[in-house]
Amino acid sequence: MNDSVNPRLTSSCQMTDEGYAPPAEGIAALQKIANISVYAEITPEAPMHGSTHGGRAKCLQRLIRLGLPVPRTVALSFDQVHRLASGGPSLDAGKLLAVFGDTPLLCVRPSSQDPDWGGPGAILNIGMNDHRHLELSQTLGDEAASMLYLRFIQSYAAHVARLDADAFDLSEDDPTTRLKRVLETYEEEADEPFPQDPKVQLLEVLRSMARAWEGTTARLLRQARGAPTDAGLGLVVQEMSLGVGPGESGSGVIRFVDGVTGKRAVSGRYLRQSFLRDALSANGGALYLLKDERGPSLEDEQPEIFDQLTEMAEICRARLREEMEIEFTLEQGRLRVLDAVRVSRSPRAALKIAVALAEDGIISREEAVLRVEPRALPELLHPQINPTAKHETLVRGIAASPGAAVGKLVFSAQAAQASAAQGEPCILVRRETTPEDIRGMHVANGILTERGGMTSHAAVIARGLGLPCIVGAIGIRLSTRGKTLRTPEGLVLHEGETVTIDGSSGRVLAGDVDMLEPALDEAFQSLLNWADDVRDIGVRANADTPADAQTARMFKAEGIGLCRTEHMFFEEGRMMVMREMIFANSEADRRAALDQLLPMQREDFTQLFSIMTGQPVCIRLFDPPLHEFLPSDREGMRALAEVLDLPLSDVIHRVEALAEFNPMLGLRGVRLGVTLPEIYDMQARAIFEATVAAGKSGDPVVPEIMLPLVSARREVELIKTRIDAVAAAVHNETGAEFDYHLGVMVETPRAALRAGDIAGHATFLSFGTNDLTQMTYGLSRDDAGRFMGAYVQQQVFPEDPFHTLDQEGVGELLMLGAERARAARPGVTISVCGEHGGDPDTIAFCRAAGFDYVSCSPFRVPVARLAAGHLAIRSRMDEVRDPIV
């Protein structure tokens with residue numbers, strides 16, 4: 001039988017049929033074949049499949065087909081194991097034992113369809129009894145024979161007889177004495193002698209493992225790991241290969257790739273006169289594998305064995321198309337392979353391994369793309385905690401933005417800026433962040449907040465900046481006045497103390513923890529380029545500043561899908577001009593203040609157009625309510641009064657006058673453009689003047705101008721008329737020809753429902769799913785974190801709708817809006833530009849709905865590119881899927 005591979009089938013000896021579900025009739029046929037006999041010896045021709053016997057059984061068959069020296073092994077199917085668990089007709093243990101010859105020693109291992117689903121632990125040395133102990137004492141020595149027997153009794157007592165394991169954890173140094181005590185203890189605890197019949201031992205082990213798999217606790221645990229409720233378990237019964245005895249005997253494990261970095265490197269261990277578990281846990285006495293000046297090595301002392309292992313690893317890599325970890329034993333110089341499992345790996349190692357296999361022609365580029373999960377990609381974009389580093393967890397919270405950072409604690413934006421000015425990295429700690437904290441967030445190395453959820457202000461801004469962020473920190477108490485943080489255990493941290501935050505896991509760690517740098521190497525670029533070659537939906541970036549645009553360009557975004565212009569006004573020197581405009585008493589005074597902002601905005605847009613040369617840039621006009629630019633405390637109001645030379649009472653009165661009961665639904669977005677049109681006039685002029693300036697030095701620019709929070713066609717008509725007038729004025733003043741596209745950010749349910757009317761005046765519609773979700777649910781994203789966990793846990797919502805798009809509710813509005821807009825204007829461009837744009841499930845929804853592109857934070861662009869590549873490849877596979885052979 002040919003075991004080389006359909007690219008859709010298993011990429012790992014343990015992981016069967018990766019991403020591929022065979023047709024139901026195929027599984028039924030396989031199960032029918034498998035159940036003709038109760039069990040089957042694993043041979044090259046035996047009917048064996050991961051969906052009937054599990055991944056380990058199929059893996060061992062592949063090793064046998066490759067000619068590796070695997071001990072004799074028998075596999076029990078899912079169906080037979082289920083019958084054992086439910087008390088059905090028993091198998092004939094005598095006949096099963098006969099497969100292995102006279103007085104064999106056996107081990108039983110689980111074989112589930114996916115190793116991540118777990119399973120009962122292996123039980124070794126089945127067949128050990130008083131008689132076999134006596135025989136082995138004469139060949140292996142009394143100590144080795146006693147250890148074999150002793151470990152079997154301990155394992156059998158705990159996992160089969162269900163006795164108290166502590167009762168068998170005896171401390172005598174002499175194994176023979178300990179064995180005698182353990183046999184006595186078993187008889188006392190079980191009210192019967194330890195079973196001596198190998199048939200009884202084997203049958204009870206098989207039944208125990210089968211029942212353990214189908215127990216309630218085990219079922220719930222594997223369901224939490226993604227297993228279906230009816231997931232089956234196979235069992236493999238294998239002849240023991242002992243690493244003890246005369247001559248060169250021992251056991252070990254070897255791998256040829258680093259599981260953390262993915263680089264080619266030999267690692268593992270070999271321990272003479274040992275059982276495999278001893279070799280895996282040995283703290284001393286093990287040989288190095290490669291030649292090493294620090295001590296003896298397997299390569300030095302057993303070069304032929306080392307060469308055989310190297311050759312076997314290369315065979316596995318080429319034929320199984322995976323980097324494998326080989327478990328082996330030596331018996332008097334004879335090499336036996338007990339198992340080979342997929343090397344455990346970090347996300348960065350998984351990417352490097354997949355690319356290397358593709359570049360060596362072992363797998364296709366498309367399969368390499370599929371082997372790297374998009375959700376794992378953020379770990380490569382940011383510094384990460386070294387998994388081998390020691391650390392102490394102080395605080396836990398919601399992992400809101402990936403990456404890790406070390407810095408000194410600071411408790412205000414001003415302190416963060418002061419720390420940055422001195423060149424000291426800092427972690428900004430706030431109860432929750434506000435727009436006033438923007439400048440501090442820009443210079444901080446990481447952010448920690450007491451409150452908030454995945455779509456809180458801190459989380460959204462941090463993801464846009466690529467900063468690690470933890471929100472909703474559980475049980476901490478902040479004192480901004482005392483500049484302290486009290487952990488749930490009562491430890492008090494003061495400003496200036498060093499901590500490490502891990503935004504990937506939501507943990508705050510004590511001190512300076514060792515980290516791994518981002519892995520944006522050639523392998524990373526190659527994989528994403530391969531994804532780009534096949535994907536069929538565009539990916540843009542949300543970029544608010546030139547620095548964001550540079551990041552977007554670095555990650556190969558296909559333009560800017562959302563530039564939130566209000567973030568530009570929080571820069572140093574601009575906030576006060578904005579406040580002057582807000583306090584102006586007439587349109588003329590407001591225009592005078594806006595005239596000061598015009599050159600700043602023009603320069604911002606000119607830089608964006610220059611950075612994104614040849615790429616579209618979509619600029620959203622001013623959106624937030626004006627009160628966000630005003631201080632909220634008395635001290636800030638007093639400082640503002642001094643700068644504006646106004647009485648404090650005037651400032652307080654103005655702040656109170658702008659306050660709204662529900663700012664999210666108040667005077668913001670296009671409503672500002674209608675009621676205070678001079679703001680949008682200034683922004684439109686800045687855009688067009690920047691268009692002219694950028695066009696002189698590069699390719700012509702066609703800016704996209706987007707109106708926020710639209711709910712009625714008339715709003716678009718009014719603003720479009722004014723923008724057209726500004727465009728005409730700039731054309732007359734400069735003599736330059738230019739064009740622009742006007743579009744709408746669909747953030748209200750009414751805009752989605754009336755998209756057909758609105759599309760008559762808009763060349764594109766971009767769904768702002770953050771606000772659209774808030775308005776559809778009637779739920780504030782900043783407050784949702786207080787109860788969202790309970791809602792998801794109790795299955796009110798399947799997922800946090802601010803994290804993954806609600807495809808049933810909000811998704812229906814997107815579908816209706818897109819359908820009605822296209823009916824009214826067939827060429828209209830449809831996209832999503834909310835935080836959901838970087839979520840793989842949302843990208844799948846948008847692609848299926850025929851959207852033109854998604855737009856997301858710059859650091860989520862690689863995730864979106866890879867997810868879109870996955871979708872395109874799987875779609876092609878679905879179209880040409882072959883029936884299982």
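Entry 1, the sheet. I looked up the strand order in this predicted model and found an open sheet of 4 strands, arranged β7-β6-β8-β9 with antiparallel pairing. I noted that β7 (264-272) and β9 (334-342) each have a single partner strand and stand at the edges, so one side of each is left without a neighbour in the sheet. On average, neighbouring strands here are turned by 15° against each other, direction ignored.

Entry 2, one strand pair and a helix. I followed β8 (residues 324-331) along β9 and counted 8 bridges in the antiparallel sense; for E325, the bridge partner in β9 is V341. I then turned to helix α13 (residues 303-320), which packs on the sheet and touches β6 (250-257), β7, β8 and β9, its direction making about 145° with that of β8.

Entry 3, aromatic rings. I found 17 aromatic pairs in the structure. For Y270 and F328 the ring centres lie 6.0 Å apart and the planes stand at 10°, and since planes under 30 degrees apart count as stacked, I recorded the pair as stacked. This pair joins distant parts of the chain, with Y270 in strand β7 and F328 in strand β8, 58 residues apart. Y270 is buried at a relative accessible area of 0%, and F328 is likewise buried at 0%. I also looked up F622 and F629, a stacked pair with 5.5 Å centre to centre and 25° between the planes; both residues are buried.

Entry 4, a cluster and two charges. I listed Y149, F152, Y156, F168, Y186 and F194 as one aromatic cluster. The charged end of R222 sits over the ring of W213, 3.8 Å from its centre, while that of R540 sits over the ring of Y853, 3.9 Å from its centre.

Technical notes:
Residues numbered from 1 in each chain as written. Predicted model: local features only at pLDDT ≥ 70, side-chain atom pairs only at ≥ 80, totals over all residues. Heavy atoms only, no water. Pairing = 2+ DSSP bridges. Axes fitted to C-alpha atoms, helices over the stretch in contact; angles between N-to-C directions. Contact = heavy atoms within 4.5 Å. Phe/Tyr/Trp six-rings, centres within 6.5 Å; stacked < 30°, edge-to-face > 60°. Buried < 20%, exposed > 50% of the residue type's maximum accessible area, 1.4 Å probe, protein only. Lys NZ or Arg CZ within 6 Å of the ring centre and 35° of its normal.
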